[in-house]
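I opened this entry to look up where the ligand sits and what surrounds it. I also wanted to check the backbone for odd spots.

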Amino acid sequence: MKKAKKTYTEERESMVSTQIKSRGIKDVNVLEAMEKVPRHLFVPENMRKLAYNDEPLPIGNGQTISQPYIVAYMTEVLQLSVEEKVLEVGTGSGYQAAVLAEIAKEVFTVEIIDGLSKNAQEVLQEEGYTNIHFRVGDGSYGWEENAPYDAIMVTAAPSEVPKALQDQLKIGGRMIVPVGDAFQELVLIVREKRKFKKKKLLPVRFVPLVKPH
Ligand code: SAH
């Protein structure tokens with residue numbers, strides 16, 4: 001007998017159990033968000049069949065949407081709660097912003113490529129998200145007007161952590177950022193009263209954080 005085609009909901013459930021829970025992600029909020037957000041709507045139409053695969057995918061303009069596990073991992077590390085305000089650098093497809101918006105109160109997301117930001121805004125509006133705020137510009141300077149943030153997620157890799165981003169963290173605030181050039185590592189930064197505590201977590205591969213000339 002021919003196997004029935006899986007629905008997107010079923011594909012998402014299996015993505016969460018085989019790629020995310022199985023690799024140790026436990027935060028219920030993160031698991032629920034990953035089960036809920038329709039990832040296939042954030043990739044180009046001809047890629048929808050691949051949307052729930054265990055890999056990053058191209059989203060146009062030479063950019064990529066991260067592998068589902070990395071999205072879940074970076075979100076879990078931030079330990080978000082419902083009252084918190086998050087800054088994302090690198091809106092890209094808008095998928096990560098949606099996952100953050102499922103958990104936190106407000107998401108502020110900055111993207112340097114106008115077309116990507118517009119596209120993400122359309123999809124997220126269509127999906128009914130009202131707690132995501134968009135800006136087009138260089139995210140290395142953060143988004144000062146809404147600072148300080150409880151958490152910051154950077155989804156493109158700078159060679160070094162931009163100072164402006166650290167400065168826009170609350171005391172007790174957390175930032176997750178891939179740092180490096182050819183070799184990159186995810187770094188977790190926690191702002192304490194008098195210092196920033198840094199911890200290297202795992203090797204990763206992100207597109208570079210672009211510096212406009
Ligand atoms: N979070 C995205 C993935 C982003 S890929 C998602 O869920 O789909 C990284 C994104 O960072 C790209 O869209 C890229 O254009 C953007 N980017 C690169 N340099 C940037 C900068 N200086 N400021 C803001 N965005 C930047």
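**Around the ligand**

I sorted the shell around the ligand by class and got 11 nonpolar, 11 polar and three charged residues. For these classes, Ala, Val, Leu, Ile, Met, Phe, Trp, Tyr, Cys and Pro count as nonpolar, Asp, Glu, Lys and Arg as charged, and the others, Gly among them, as polar. I note that this is a predicted model, where local features need pLDDT of at least 70, side-chain atom pairs count only at pLDDT 80 or more, and totals for chains, interfaces and linings use all residues. Residues are numbered from 1 along each chain as its sequence is written, and side-chain values use heavy atoms, with hydrogens and water left out.

Which residues are the closest to the ligand? I found Ser 93, Glu 111, Asp 138, Gly 139 and Val 210, out of 25 that surround the ligand. A residue counts here if one of its heavy atoms lies within 4 Å of the molecule.

Next I looked up polar contacts (pairs of N or O atoms within 3.5 Å; within protein, one must be able to donate a hydrogen and the other to accept it, and residues adjacent in sequence count only if both atoms are side-chain atoms). Val 210 brings a backbone N or O atom to 2.8 Å from a ligand nitrogen. The side chain of Glu 88 has an N or O atom 3.0 Å from a nitrogen atom of the ligand. For Thr 155, a polar side-chain atom lies 3.1 Å from a ligand nitrogen. On its own the ligand has 580 Å² of accessible area, and the protein covers 98% of that (Shrake-Rupley method, 1.4 Å probe).

**The pockets**

Where does the ligand sit? The ligand takes the space of the largest pocket. To sit there, more than half of its atoms must lie within 2 Å of the pocket's grid points. A pocket is found on a 1 Å grid over the protein atoms alone: an open set of points where a 1.4 Å probe fits, with protein on both sides within 12 Å along at least five of seven lines; lining residues have an atom within 4 Å of a point.

I read about 550 Å³ for the largest pocket. Its lining has 35 residues, and Thr 64, Gly 90, Thr 155, Ala 156 and Val 207 are the closest to its centre. β2 gives the most to this lining, three residues. β2 also gives the largest share of the ligand shell, again three residues. Strands are DSSP runs (E, at least two residues), numbered from the N terminus.

The second largest pocket is about 190 Å³. Its lining includes Asp 138, Tyr 141 and Val 210.

**Backbone checks**

Most residues other than glycine have a negative phi, and most peptide bonds are trans. Asn 61 has a positive phi of about 55°. I placed Asn 61 in the loop between β1 and β2. Ala 147 and Pro 148 are joined by a cis peptide bond, with omega about 0°. Pro 148 lies in the loop between β5 and β6.

Notes
Points joined across faces, edges and corners; volume = space filled by probe spheres on them. Helix = DSSP H or I, 4+ residues; strand = E, 2+ residues; numbered from the N terminus.
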